[in-house]
Amino acid sequence: MTKTKHIVALAILSLLTSSLSPLKTMAQESKKLFTLEDLNFGGNNYRNLLPENKWLTWWGDELVRTDIEECYLVDKKTGQEKLLFTLDDINKWAQSNDDYYVRHLHSASFPYPDKPIVAVGNKKAFTLVNFKKHCIVWQDSTSGQEANDWCPVSKATAYVEGHQLFVQDAQGHKHQLSTDGSRSVVYGAAVHRNEFGIDKGTFWSPDGQRLAFYRMDQSMVADYPQVDIFPREATYEPDKYPMAGMTSHNVTIGIFDLATHRTVYLQTPAGSVCGDSIATSTPVYFSNITWSPDGKTLYLFELNRDQNDCRLVSYDAATGRRLTELYRETSDKYVEPLHPIQFLPWDDNLFILQSQRDGYNHLYIYNKEGQLQRQLTSGPWVVLEVLGFNKKQKSVLIEANKYHPLHRQVYSVKVSNGQMTQLTTADGVHHATLSASGRYLLDRWSAPTQPRNIDIIAGKITRLLTASDPWADYQQPLFECGTIKAADGTTDLYYRMVKPHDFDPTKKYPTVVYVYGGPHAHNVEASWHWHSRSWETYMAQKGYITFILDNRGSENRGRDFEQVTFRQLGQVEMQDQMQGVAYLRSLPYVDMQRLGVHGWSFGGFMTISLMLNYPDTFKVGVAGGPVIDWKWYEVMYGERYMDTPQTNPEGYEKTSLINKAGNLKGRLQIITGYNDPTVVPQHCLSFLDACVKAGTQPDFFAYPGEGHNMRGHASVHLHERITRYFDDYLK
């Protein structure tokens, strides 16, 4: 289906879903109503309202299904199942006692593709059980430790205890790699505040004989004064928080050798993020650590503080010596390395590198000398994920939105010539996992009217699960999707609209614009209910329309689409959101006198920005965890998109909400986690102070002990509070 035909199909679907017959409407009226407990994680009925699922994992090229008490081998051609073992079997074979008792099989894994061994564990131990010989193969006692990283090849485990980094080998011998670990000197954890694709701090070599790890010295970083209010006397519990343009941390990378018990540190350039003067050209961010297949060389991306000069560099793992620069990419805005290189399983001399250098994230083949062999994928679409390789076909398996920006399909790409074959056939959003050889795919996917499907792709497609609609007994809103033009007049933007189940186009409805709008996120896709949030369903049930638009600056639409917001966060995004408002104004059933706006985090920033810059448009707003001024946000994210306050004072002034506090006309509620370590409370409190001085009257609510997002019952309470605010002042 072409893109144009697809958009026409979306419009037809919207018309069909809007034109409910009276009979269907009456049937809906007799159905159950949702509660916020039903729709929020942690609610009593929440799990019952999720689509049916199956816990499936690969054991080499064999597919295995686990539930709480049983494990089955699944026939890839027929879907038929054969019992492998039970939970009682595992505990019997492992000779479990109260300390080592395994309580469920959901987290069981199969670390060796060619051996009948299952890995199970609890907080006390990690155990390998041979389920054919019915015995323990190996066991250790580090599974409850922080940052636990077990290597299946050497059976060594890296972990952090009391701020110190340790490695325990397969024989149980313990090696302490650090002595100066503390809150200020952090080992074995993600660094650079989890930016640049970093989500962990330890990295085993392919042979399991060497461990690379991060060491982060943040002793020079200012403490943000968080407070724990729950003891009899409140206590000081500060966070290390480097704000844009200010002193940040130093990162180094160590390598521990299991054979020699020695640690060396990479001889990275001498520049650092710390200091009062801001280095602009020397690398300070180190990300996407990758080992060579032989475990002798370490590769990583080095990025300067301006984040516009990125280099792929190799290091000798035995000495830490810097070897060579293989690749360099610069930009007049920013370069953001998010993916490690990946060596081809059949050729240790070649690797895949991902880059947006042609405008979209694509794959490039390089050799170990840094010479470009070919660009493997190209076109006005994005490679979303590299799943792995099919060694026999010498192809790489990817997920991409080549078919349509809202869809996610799986493709096989021949490495020799870039020939692409689409492996998934149904419209929707597909998330696949690859078997060990790459010959088989486990595909989990949904579509706007299909909650969940699970297929095996093994030459042909075998359906393992077609989930029924878990909301079938409930009144369901109408979910629609379409496009409008961005403020530039040419770019297509996608929106979702959620209407009450008994929608009547002759009536007028209060409408809430839900907004995020920031980088690395999207709100609209062709998954179940067009990727709708459950709160939108609750609002529809209460008689509201919600409207959600992915403006320029959001993800998966290419480099220029994302980077148009550079040095002026919120400005282009607001222009696009107001195009959405103009579209709403054209709809006779939207009551423009009752228009609200709500968002969280970047969306909280957008909510207040819209309320203050367009004070006569929005009657009510609810802003959660909002950024108020980017000079109070952290270095890595803030400086990527805004540069520093020193180098971009005009941008920081234009985007700050402090000096606009006097523009507030409508009702605005600001909500924050009292101990938010991401958007620190200084944002909200400073804005409240500005409102006091300006004589405007926002409302404010804080959740004690909560961070950037509310959890469990606090989440239910939060969404009730948001809903009540709109009920009180908009409805």
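**Exercise 1. Find how strands S23 and S24 run in this predicted model, and locate the positive phi in their hairpin.**

Solution.
- Take the pairing first. S23 and S24 (residues 322-330) are antiparallel, joined by seven bridges.
- Pick one pair to fix the register. Arginine 311 has arginine 328 in S24 as its bridge partner.
- Now read the turn. Five residues separate the two strands of this hairpin. Glycine 320 has a positive phi near 80°.

**Exercise 2. Work out how S23 pairs with S22, and how covered S23 is.**

Solution.
- Strand S22 (residues 297-304) pairs with S23 over seven bridges, in the antiparallel sense.
- For the register, use leucine 298. Its bridge partner in S23 is tyrosine 315.
- Look at the connection. S22 and S23 make a hairpin with four residues between them. In that turn, glutamine 307 has a positive phi of about 60°.
- Finish with burial. S23 spans residues 309-316 and is mostly covered, with six of its eight residues buried.

**Exercise 3. Decide whether glutamine 354 is buried or exposed, and list its contacts beyond neighbours within four places in sequence.**

Solution.
- Place the residue. Glutamine 354 sits in strand S26 (residues 347-355).
- Apply the cut-off. Buried means under 20% relative accessible area. Glutamine 354 has 13%, so it is buried.
- List the contacts. With neighbours within four places set aside, glutamine 354 touches His339, Gln342, Asn361, His362, Leu363, Val383 and Val386.
- Add a distance. Isoleucine 255 is 99 residues from glutamine 354 in sequence, and their C-alpha atoms are 25 Å apart.

**Exercise 4. Lay out the eight-stranded sheet and explain which strands stand at the edges.**

Solution.
- Write the order. The open sheet runs S37-S38-S40-S39-S41-S42-S43-S44, with mixed pairing.
- Read off the ends. Strand S37 (478-485) and strand S44 (699-703) each have a single partner strand, so one side of each lacks a neighbour in the sheet.
- Add the twist. From one strand to the next, the twist averages 20°.
- Check one edge. S37 and strand S38 (residues 492-499) run antiparallel and share eight bridges. Isoleucine 484 has leucine 493 in S38 as its bridge partner.
- Set the helices on the strands. Helix H8 (residues 602-613) lies across strand S41 (590-600), strand S42 (620-624) and strand S43 (667-673), at about 145° to S41. Helix H11 (residues 682-694) lies across S43 and S44, at about 150° to S43.

**Exercise 5. Test the length of helix H12, then describe its crossing with helix H5.**

Solution.
- Start with length. H12 has 18 residues, and 1.5 Å a residue gives an expected span of 26 Å. The end C-alpha atoms are 27 Å apart, which agrees.
- Set the geometry. The axes of H5 (residues 534-541) and H12 (residues 712-729) come within 11 Å and cross at roughly 40°. The crossing is right-handed.
- Name the contacts. From H5 come Trp535, Tyr538 and Met539; from H12 come His719, Glu720, Ile722, Thr723 and Phe726.
- Sort them. The contact residues are five nonpolar, two polar and one charged.
- Check burial in H12. Its buried residues include His719, Ile722, Thr723 and Phe726. Ala714, Ser715, Val716, Leu718 and Tyr725 are buried too.
- Recall the helical repeat. An α-helix has 3.6 residues a turn, so residues three or four places apart point the same way.

Terms used: Residues numbered from 1 in each chain as written. Predicted model: local features only at pLDDT ≥ 70, side-chain atom pairs only at ≥ 80, totals over all residues. Heavy atoms only, no water. Axes fitted to C-alpha atoms, helices over the stretch in contact; angles between N-to-C directions. Left-handed = near helix turned anticlockwise from the far one by under 90°. Contact = heavy atoms within 4.5 Å. Nonpolar A, V, L, I, M, F, W, Y, C, P; charged D, E, K, R; others polar. Buried < 20%, exposed > 50% of the residue type's maximum accessible area, 1.4 Å probe, protein only. Pairing = 2+ DSSP bridges. Expected span 1.5 Å × (residues − 1).
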